[in-house]
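Good morning, and thank you for making time for this item. I would like to take you through one structure, with attention to its cysteines, its main pocket and one of its sheets.

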Amino acid sequence: MTSTRLSLIVMLLALANGARNENVVQPCAEVQTSSAVVALGSQVSATCTIRKDCPFPIAPDVQIEWRLGEAVLPSSSVANQSSRISEVVIPSFNSTMAFLMCSVQTSPPQIVGGVQIRAGHLPSVPHHLHCQTNLTTPSTMSCTWDPGRDSHLPTTYSLHTHIRGSENYSYVLPPGHHSYTIPRKGFGIFSEMEIYVKAVNELGESNSVPVTLEPLSTAKFQPPEITNICTVPNKYGCLRMFWKLSWQELWVQATMNVEVQVTADDSEQWRDPQKVQKRVRPAKHIDQCRLQHGTRYRAQMRVRYQQSPWSEWSRSHSGVTLESAPTGRLDSWMKVSGDRTHKQVSVHLFWKPSKQFRANGQNVSYVVSRARQPGERGQLCATAGRHCTFQAPAKARVFLSAVNAAGRSQPTEIRIYRNKDFKAITEMTVTPHDDTSLLVQWKREVFDSLHGFVVEWRPLLKTDPAHVQFQITNKTQTSLIISGGIEPYKPYGISVYPRFKDGIGLPQTADAFSRQKAPSMVPNLRIEKSGYLNVELIWDEIPLEQMNGIIQGYKVFYWEENGTANVAHAKPNERSIFLKNLNPRSVYQAFLMVSTFGGSGNGSTIHFKTESFDMVLVVISVTCCLGLILTSIITLLYYTSYRGRFKGNFCPIIPDPANSSIKEWSIESLEDILPDFSSKEPSLVHLSHLSFLDLPAKVRKEEEDCWLNSAEETSDLGESICGSPTIAGYCGSNSDSVPYATVVFSTSPCNSPAPRETHAYLRSESTQPLLEAEEAFTPKCYQNITAEKARETRFFGSSESDELEEVPEPDNSWDEFPFLRALEMNVSENE
């Protein structure tokens, strides 16, 4: 942009300061150079001559100055100022284009002349000349070449051809073009020709190295077509392919170079194909041998003529070689379950082809049997898969064979071993190797009977045993790269088993991911228990298919409104957390964060409120009340169930003295109502509260007076009595638990002869009414005493003196004692 602007300024100034001659504007100065186009870096010299007829006033001693672009150049010291001439020499011109100008030192300085100088290189020799013939209609030949380095000067190219016995052709190209397409008339398909390229610019020209070729040998053919693939009769492992050129090239009948590649149909896409090259004419078949028997192959082919470029690969075509019986052995791995004491064990057998195994057929099945030549009786299982489960005797031998339509393979013998309790693997780690593989490493202990290891892996999201894979290693190997079907973000279970001579040891097991990321979902928190100072939060387990990695732990973030956040941690196997030291009656927010090695995810935020302390007291009070009520009910039920025993011990049944006689109160009649006492103590008989008193010699006067004084007040059973069971001389009324009557004997009531005296009865009163249906407790042996012969009496309880004063018999009538009178009447009748 600067050079263009400077060139415009030079031209305008030259025209403005020039002289007009016949309407032609002439510059005031003439600048001459050795060459307007020079080689880059060469020397350039120039002369500036100011014209005499220049209308611009120039002083005789004017000084001329040179400029190359914006740089000032020193002028030559040998300058003829009288003739207005100045010279300049540029030692090395390093610009591809620049303006050289001369000016006079006036006020202001005036440019009086200038010239444009361009620099560059000779054109480079074109190389890599390459031509390719197109056999489609219309046929053409396209040639391309490499122009080499830029010459910085306009360069033209031309393509020249020479055909023996024919005229020469030259094709001039527009500037900047480095390829040309020769029409069909400029070459012959089978005629040899010579081709070269010429490059020309202002500094000179250069020619490429001539290339001699046959146009057909430069043709790139269209992909051929495989018409059919079939087996070769009586040849195992061979396929015969029939092919042809594309319909536009069917006229070519020359011998072609053909390359064929085949690969097994069940292998990966064209990985390590078998290739063969042959020279054949079109429409001739090609045999491809050294293939596996009974295997389906896909085949492709491409062609070229002599050294021409290869055509693209044809569409694939498949064929099957002849079948033969399977060969080689199968690698097997078994899991045995069952008690050692049992004769039969359960065996889960897995197998896979070894590197030497060849199925040699399309439909291959597998048979496990007890005999080397299996029959229907000895066959344990037959399946098209690669695993089966069966029952077999412990330490038995089974035989595994592969079967196809052509026959059966040699059986592989497998011994059924029991599991051993040996732990030969001390440590095991599984790390990602890349996104589709895992690195398994383990440490082992030294055992003489150790044969090797079995590495087993399976996808945890698929429970079908068909997805179980394994690899058998020797005893020196302690690592393995698993690459079979491993996907990122999917969990896999890996186990390493030690193999011994007579069994399989205890495994080491681990779960692993080839690549991890944050879980696809995070469970929400739920409130399990809530108090006024603490809260228990729980959450569900993340489904295995949404973990996307190994859980490293849980974090619960919780905070009070307008407060700082707190964090509580939980282990990977925990599903709850207990938040302590909270503020009562406060609202909190919380959410759960789950982390794996690949990232973390957050759950939804929940709100919860702690309880107030008053509510806690109410709950405690209600709980205590309910406990007391429940305890009372249980106690009541307990005593209700034992009501009969309670009643018998504390409320004895009292007979009705008005309708019975004391002498009829025998122990046999009371057996049904008496309580059952322990057999260790003698059976006691209680006649309610009847007291049997011995008659002392005398009765104190105070006692007699008390009795006589109270005789008038004891006309009924509910009135006061005279005497006390504990205090002598007691005379009271309405006493609780007092005897109904006192039977007085002259001698001991038991084990003594019958007294001669008549029976005597002392009446007392009671606050408890007599029950009609109850019978009284009565001693077994006793004698009634009549009132007439009773001389002395002894009241209940102890006395201060063993001697009692004689008391005259009160003159009372039986009419005042109707109940005792009834007893007396009954006694008379019985006598």
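**Cysteines, a pocket and a sheet**

Let me begin with a single residue: Cys-48 has a relative accessibility of 0% and therefore counts as buried. Please keep in mind throughout that this is a predicted model.

What does Cys-48 bond to? A disulfide joins Cys-48 to Cys-102, with 2.1 Å from sulfur to sulfur. Cys-48 belongs to strand β5, residues 44-50, and Cys-102 to strand β9, residues 97-104, so this pair ties together parts that lie 54 residues apart in sequence. The partner, Cys-102, is also at 0% relative accessibility, so Cys-102 counts as buried. As for handedness, the torsion about the S-S bond of Cys-48 and Cys-102 is about 45°, and the disulfide is therefore right-handed.

The structure holds 4 disulfides in total. As a reminder of the chemistry, a disulfide is a covalent bond between the sulfur atoms of two cysteines.

I turn now to Cys-238 and Cys-289, which form another disulfide, their sulfur atoms 2.2 Å apart. Here both cysteines sit in loops: Cys-238 in the one between β19 (225-231) and β20 (239-244), and Cys-289 in the one between β23 (286-288) and β24 (296-304), so the pair ties together parts that are 51 residues apart in sequence. The torsion about the S-S bond of Cys-238 and Cys-289 is about 115°, so this link is right-handed. Are its two ends buried or exposed? Cys-238, at 5% relative accessibility, counts as buried. Cys-289, however, has a relative accessible area of 29% and is partly exposed.

A further disulfide joins Cys-381 to Cys-388, with an S to S distance of 2.3 Å. Which hand does the link of Cys-381 and Cys-388 have? With -45° about the S-S bond, the link is left-handed. Cys-381 counts as buried at 12% relative accessibility, and Cys-388 is buried as well, with a relative accessible area of 8%.

Two other cysteines deserve a brief mention. Cys-230 counts as partly exposed at 28% relative accessibility, and Cys-625 counts as partly exposed at 47%.

Let us move to the pocket. The largest pocket contains about 1,200 Å³ of space. It is lined by 33 residues, and those closest to its centre are Lys-352, Arg-386, Trp-457, Gln-469 and Phe-470. What is the character of the lining? Its residues divide into 16 nonpolar, 9 polar and 8 charged.

Which strands supply at least two residues each of this lining? They are β27 (344-353), β37 (450-459), β38 (469-474) and β39 (479-482). Of these, β27 gives the most, with 4 residues.

Strand β39 brings me to the last topic, since β39 also takes part in a sheet. This is an open sheet of 3 strands in the order β35-β36-β39, with antiparallel pairing. The edge strands are β35 (425-434) and β39, each of which pairs on one side only. From one strand to the next, the twist averages 20°.

Within that sheet, strand β36, residues 437-444, runs antiparallel to β39, and 4 bridges join the two. If you wish to find this place on the display, look for Leu-439, which stands opposite Ile-481 in β39.

To close, I would return to β39: this strand supplies at least two residues to the lining of the largest pocket and is an edge strand of the open sheet. Thank you for your attention.

Technical notes. Residues are numbered from 1 along each chain as its sequence is written. This is a predicted model: local features need pLDDT of at least 70, side-chain atom pairs count only at pLDDT 80 or more; totals for chains, interfaces and linings use all residues. Side-chain values use heavy atoms; hydrogens and water are left out. A disulfide is a pair of cysteine sulfur atoms within 2.5 Å. Buried means under 20% relative accessible area, exposed over 50%, partly exposed in between (1.4 Å probe, protein chains only). On a 1 Å grid over the protein atoms alone, a cavity is a set of points where a 1.4 Å probe fits but cannot get out, and a pocket is an open set with protein on both sides within 12 Å along at least five of seven lines; lining residues have an atom within 4 Å of a point. Grid points are joined across faces, edges and corners, and a volume is the space filled by probe spheres set on the points. Ala, Val, Leu, Ile, Met, Phe, Trp, Tyr, Cys and Pro count as nonpolar, Asp, Glu, Lys and Arg as charged, and the others, Gly among them, as polar. Two strands pair if DSSP finds at least two bridges between them. Axes are lines fitted to C-alpha atoms, for helices over the stretch in contact, and angles run from 0 to 180 degrees between N-to-C directions.
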